[in-house]
Structure formats: structure tokens, C-alpha cells
2 protein chains.
Amino acid sequence: MVLNKSPLTTCAVLAEMPTKPTSIKEIAKLAGVSHSSVSRALRHSPLVNREKAEQIRRIADECGYRPSAAARSLVTRRSHTIGVVVTSIADPFVAGVVSGIEDVANERGYSVFLANSGVDAAREVRVVRSFEEHRVDGIVVTASRVGALYVPVLEQMQVPIVLLNNQHPSQFAYSVMIANVEASREATRHLVALGHRRIAYIGDRLGYQSDTERFAGYRAALEEAGVEFDPTLAVHGDGKPEAAGEAMSKLLALALQPTAVFCYNDLSALGAFRRIADSGLRVPEDISLVGFDDLYLSRYLDPPLTTVRQPMRQMGSLAMTTLLRLIAGEGLAQDIKVPGELIIRRSTAPHEEHP
Amino acid sequence: MVLNKSPLTTCAVLAEMPTKPTSIKEIAKLAGVSHSSVSRALRHSPLVNREKAEQIRRIADECGYRPSAAARSLVTRRSHTIGVVVTSIADPFVAGVVSGIEDVANERGYSVFLANSGVDAAREVRVVRSFEEHRVDGIVVTASRVGALYVPVLEQMQVPIVLLNNQHPSQFAYSVMIANVEASREATRHLVALGHRRIAYIGDRLGYQSDTERFAGYRAALEEAGVEFDPTLAVHGDGKPEAAGEAMSKLLALALQPTAVFCYNDLSALGAFRRIADSGLRVPEDISLVGFDDLYLSRYLDPPLTTVRQPMRQMGSLAMTTLLRLIAGEGLAQDIKVPGELIIRRSTAPHEEHP
DNA sequence: CTGAAAGCGCTTACAG
DNA sequence: CTGAAAGCGCTTACAG
């Protein structure tokens, strides 16, 4: 009986094989059992003799056999895969989030399909289609412009979806979001506390939820400090350095320049910073600068950037954990708000009156 | 005959359905044909009546039917998926590469499994296993410590693999690499041309191929300029800002400080820069600084960083294109070398003799 | 052009 | 505990 042969013999059997076994049946033949038993042994079912199960597993292992996920999921109706849609994986915030998602996915035996949707609507459609065809068990959508037209498509899919920092208010049930209003208020308060009164805001594109909320926090802090809001101090970029630089130029052109600028994100702060430096002014001596995100690089800037830390990785993990709960059929609270943390570095300084 | 009903009627039929069709058979029933014909119509086989095929497709479309990738790949033995292993997706270089991979994958109808292998060997094993189980058609490994122990596992998989900037020389057939030696030589020449003689090198960990090659390029440029190599000027970090900062401190502690530093990558340059600034010196007035990568952020630093641009995204695309060729069974050249491009910004300046 | 049939590699009642 | 059988949703010869 093959079962009683030594590992060495098993290897010999293997050596005779033209190629490594690709199905449970071949393992069954090697082990002298039915393929049902192999299946059971591999899945650690109690419905196999312990010893026999171990032998089977050893043989499978030595042969380097791997069960086909496709075949398995066809019958179990669980693919153990999830889809992650991002606008751009090259965005450092997104990359951090994906890293967190991947960590818990890997740990929990899930594989992740990554798809860049970019700004291309046709591509978004292809992405969703591919997720559907692969029968992903769930989806997380990150920092996306998901909205009006995208929502119904996703809803039709009948799989759990969690949104992370979604940029459009939508009727999706589950989302993980940074506490934008609170964090922005705190960041702006910090500037107020330093004596600034002319505080500008460089936002993202109008209409994005994060922008709206961060702007609201900024306004709230001004209001509670009794500082009247000056609309000329609120300008918009697009969340990237270039456009933020343009926005900064507008501020610099003002008769009454701001003494501090709160930026939608670190990338915007970077663009603003570049423009400030180019115009011969200095941060923080002439203008204080605050960002949002706390990208990996922000602490290494010169001066290191004061910013609101978003725990990107943890937010990703949290989104994935939530998704797994939904997949498991557990109901949960609708929205998860994650607090930001103000990190004070050297890009902000007390406002000194110029005589 | 169902086929002749208007879309409206089809919708009505659909409306009666409890849930959207999940298999070809259900479409077949709706269309009044065999499921074989549905399969053919959906695959645009010429073996179906044109009109009938169109009707079938319309019905499938209206129902939001999506063929099961698992079922399909079970029979075709092609999963139309590829696996991408990265050490860390949060590394901006890696993110850029993945973006390029994803672009062409998406375009060509492939889905990508993304896996972070990190530095955890157990996790690497899990990643490879999951790729095997999903029967990926190919794999690209990015900027990884792939080597000694990892190689045999991957080779056993019998699928095409392309390595991108792999950090260990290995027997894998296909790789996409930046032309490290040439690019580093050019970068160092630039410093020499500016009059620098005491030029330091802050490397990655010893033993990584990229580091070895970049160091070689640096050495070559010194040699051709007749500058004797001073071993105290070659120090090692780990490719991240923190360790590079430590390395920079060693250089700063030297009796004869360098007047220029060539760094393994932009992240290292960032760490070195931070340390230089903290010690009261200035870039480039006191010390010129050159990086490698040209990360998105590098042009926004103050001063903007002189560096070697790696076309990360194109390298990713190239790797994916190569992989697709391999999957298609085409043979190709073994190694693809991509030239780097020296981008001169303001972190480098002529060396002025201090009187 | 069309459909019935076999089979891809699994899992899981079902009957011993 | 064990194996034969059915079936997951497809594709593709095969015979009309």
C-alpha cells in the first residue's frame, strides 16, 4: 500500500511523474484513496482517518500540490478575494491605505485584486465588470470620486462595499472616514492660537466631501475665534502640488496677504510651499503652513511640515476588517469616523506683527 | 418566441426574476436557445447566427449578467490574472511601478492580484501559495529581496516571471532593470564637473544589486576623473530617510567633510538633507546633494532635488508587456535595461573653495 | 448554424 | 470513516 511507503518512496513516485500534480485525483491515486478523501484531508475535515489524513497531506505537500481556487470557489460560492478600487495607487495616501488593507487580507486568507480606476469612466466600468466576473466577496473603494453614476453600478453587484474617505456623499451603508471637520478645526485653532488672523485655505476641487468638511472645520475655528471669514482667502487647487501652487499665487497677489495657510493636504502644502519659497518669502517666518495627511515624507521637508496625521494604514485595516464582518453577514454601525491627529512641526510659528 | 420580444418585454421577464441571472443557462432560457449558443454568442464566436447572437448579448447585457471567471478559467486553463509581489506598496517607487503594470494589465484584460510580501518570510510563502492556487498566468516581482530561498519556490511554479529592479542577481531569465551603473556614473560626473572632489556615497544595504551597481557607477566616475576613492566617504543606510540620516551624520563627523553626496535614492537624499539642515549647513551652498528615482515629490523640495529619474511607470508597463509576451509563448531578450535620466535641479552647485 | 455531452477540479450530501 | 455521484458554470469537440 502506497500509504505505508516512506517519504523517500513517495518522492520516487513523484520523480516518475512528468509534471507536478494538478488535481486532487492525482493525489488520490498516489495515496491510494478516493479523491473525496483527499479533499477532506486537505480541508482538515474530521471525516477522515487522522493518520490517513496526515499521509495525504504529506504527499500533497511533497508534490507541491495546490488546490485550484477557481474550482473550489465554483462550488463554495466564495472566492476569498476582494476588490480594491483606487483612483491612483501612486497617490501616497492611497498607497498607505492599500497597504493596511493588504495586511489584514493576507492575514485572513484573502487575496486582493487591485484596480486603478483613474479618471477614466470607461476604465471604471471595466474594473467593476472584472470584479463581478471574478465574483469578489467584497469591495473597498478608496478616496474615490465615487458618486452619482458609479453608485448604482456598484449597488447592483450585491456584495458588501466599504468606502474609504469617499469624495461624494452617497447612500452606501458603510464607510471609513477621517473626522475631517474636527481635525481641520483643530489645525486652524492651532494657527489662531499662534496669533494668526489672516488665515487662508487652499482646498481641493469644489464638491468633494473631504474638501467641504475640511473647509467647514476651518470656518468653525475662525468663527469661534471671532475672526471674520474673508472669502478672498479661500482658494481651490486639486489636491496636487501644481494646482495648489497656482492657488498660492493668488493669495500672494492679494493686497493683504495671509500670514498662515491651511492646506487641504500635504501635497497641496508642498505646492504652496514651493511657490512661497520662489517668491522670496519664508516658511514659517513669513507664512505659516499646515497640511493634512502626514505623508511619510512630510517630516523630512525643510521645515518639517505641521499637519494632521491620517492613520492611513490603520484606516485601510479598519476598512478591510469591516468588509470581512460584512462578508460574514454581521451588521454594523454605518459610518466609522477615525480621529486625525495634529502633528505640530516647524512650518508653523507665532505671528509677529511687522511694524 | 422570446427573441422577438422588445427590450421592454425582456425587462418584464427580468422583473419577474427573483435575482439577476448568474449562469449561462438562465440566459439560455430567457433567449430560448441552448446554453452552448449563449456561450458562443458571448464569446463572439462565428458559430452562431449573427442576429441571434446579438439578441443573446442584448439580453445578457440587460440582465447585468457576468460570466464566471472561475468557471471559464477552469476549462480554458487561463485565469487572465497575474500576481504582483512587492515588498511594500507604500514605497513610492513601487507604487509608481505598480501603476504602470496595472495600466497595461487593465488595457489587455488582465486582473492583478497585489501582494505585499514585506520582510516576513512566512508571508512570502503565503503569497506564492495564493498565486499558485489562483493559477495566475504570470508574476512580476518588484524591487524585491528575491533571492536565494525565494527563487526555487517561484521557479517551481512553472509560470513566467519578470523581475523589476531585483535586488539579488538571480538565475531568472527575465528582468527589467534601470541602467544603474551608467546613470550613477553620469550623476557623479555631474558633481565632478561642478568641481567637487570629496564626493560621498550613501548606499542602501550591502549586498543589494542596485546598491552594488550604483556604487560601481560612482566609483567609475571618480576613477575616470582621476579622483582617488576614499573609503571613509562610502557609507550605508537602508534606502530610507532615517538610516540615511545616520549615515550622513558619520560623513558630517569626518575631519574632511564631503562637499557633495550622491545618494542611493531620493528617500536617502531626504534623510541626508534633513541631517545637513539640522547641523546648520546648507544645500547646495555647503554640500551638494544628488538622489536617485525622481520621486513625485522631489521637485518640490527646497531646494528641488537633483536626481536620476527612473521612469517607474514605464518600467512597470514594460514589465507587464514583457510578461504578456512570455505568457503568449514568445521568447525574448533576457534582460531589459532602461536608461535613467539625470535631472539637474538646485540641490547641486559648483564647489567653491573656502579660503 | 445548433444542441447534447463531456469535462475542467473541486465540495458535499448520500448511502454504506 | 469511505467512496460514488451530483453539481458548481463554463467551453468545446462531436454529431447532426
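In chain A of this predicted model, residues 24 or more positions apart account for 70% of the contacts with a separation of 6 or more. The chain has 355 residues, of which 48% count as buried. Its secondary structure comes to 13 helices and 12 strands.

One of these helices, helix 4 of chain A, covers residues 50-63. This helix has 14 residues and reaches 20 Å from its first C-alpha to its last, close to the 20 Å expected at 1.5 Å a residue. Ala53(A), Gln55(A), Ile56(A), Ile59(A) and Ala60(A) are buried in helix 4 of chain A. Seen down the helix axis, the buried residues of helix 4 of chain A fall within an arc of 165 degrees, so they line one face of the helix. An α-helix has 3.6 residues a turn, so residues three or four places apart point the same way. On the other side of helix 4 of chain A, the exposed residues are Arg50(A), Glu51(A), Glu54(A) and Asp61(A). Just after this helix comes Gly64(A), which takes a positive phi of about 70 degrees.

Chain A also meets a second protein chain. In this interface, 44 residues of chain A are in contact with 45 residues of chain B. Five elements of chain A each supply at least two residues of the side that touches chain B: helix 5 (69-76), helix 6 (92-107), strand 2 (111-116), helix 7 (121-133) and helix 12 (266-278). Helix 6 of chain A gives the most to this side, with 7 residues. By class, the side of chain A that touches chain B has 21 nonpolar, 13 polar and 10 charged residues. Strand pairing also links the two chains: strand 2 of chain A and strand 2 (residues 111-116) of chain B run antiparallel and are joined by 3 bridges. Within this pairing, Leu114(A) has Val112(B) in strand 2 of chain B as its bridge partner.

Both protein chains contribute to the surfaces near the DNA strands. There are 27 residues around DNA strand C, and those that come nearest are Ile24(A), Ser39(A), Ala71(A), Ser34(B) and Ser36(B). Helix 3 and helix 5 of chain A, together with helix 3 and helix 5 of chain B, give two or more residues each to the surface near DNA strand C. This surface has 12 nonpolar, 11 polar and 4 charged residues.

Around DNA strand D there are 27 residues, of which Ser34(A), Ser36(A), Ile24(B), Ser39(B) and Ala71(B) come nearest. At least two residues of the surface near DNA strand D are supplied by each of helix 3 (35-42) and helix 5 of chain A, and helix 3 (35-42) and helix 5 (69-76) of chain B. The residues of the surface near DNA strand D divide into 12 nonpolar, 11 polar and 4 charged.

In chain B, Ala28(B) lies in helix 2 (residues 24-31). With 20 other C-beta atoms within 10 Å, Ala28(B) is buried. Leaving aside neighbours within four places in sequence, the residues in contact with Ala28(B) are Val33(B), Ser34(B), His35(B) and Val38(B). Ser39(B), one of the residues that come nearest to DNA strand D, is 11 residues from Ala28(B) along the chain, and the C-alpha atoms of Ala28(B) and Ser39(B) are separated by 9.0 Å.

Technical notes: Residues numbered from 1 in each chain as written. Chains lettered and ligands numbered in written order. Predicted model: local features only at pLDDT ≥ 70, side-chain atom pairs only at ≥ 80, totals over all residues. Contact = placed C-beta atoms within 7 Å. Helix = DSSP H or I, 4+ residues; strand = E, 2+ residues; numbered from the N terminus. Nonpolar A, V, L, I, M, F, W, Y, C, P; charged D, E, K, R; others polar. Pairing = 2+ DSSP bridges. Expected span 1.5 Å × (residues − 1). Buried ≥ 20, exposed ≤ 12 C-beta atoms within 10 Å, placed from the backbone. Arc of directions from axis to C-beta. Near = placed C-beta within 6 Å.
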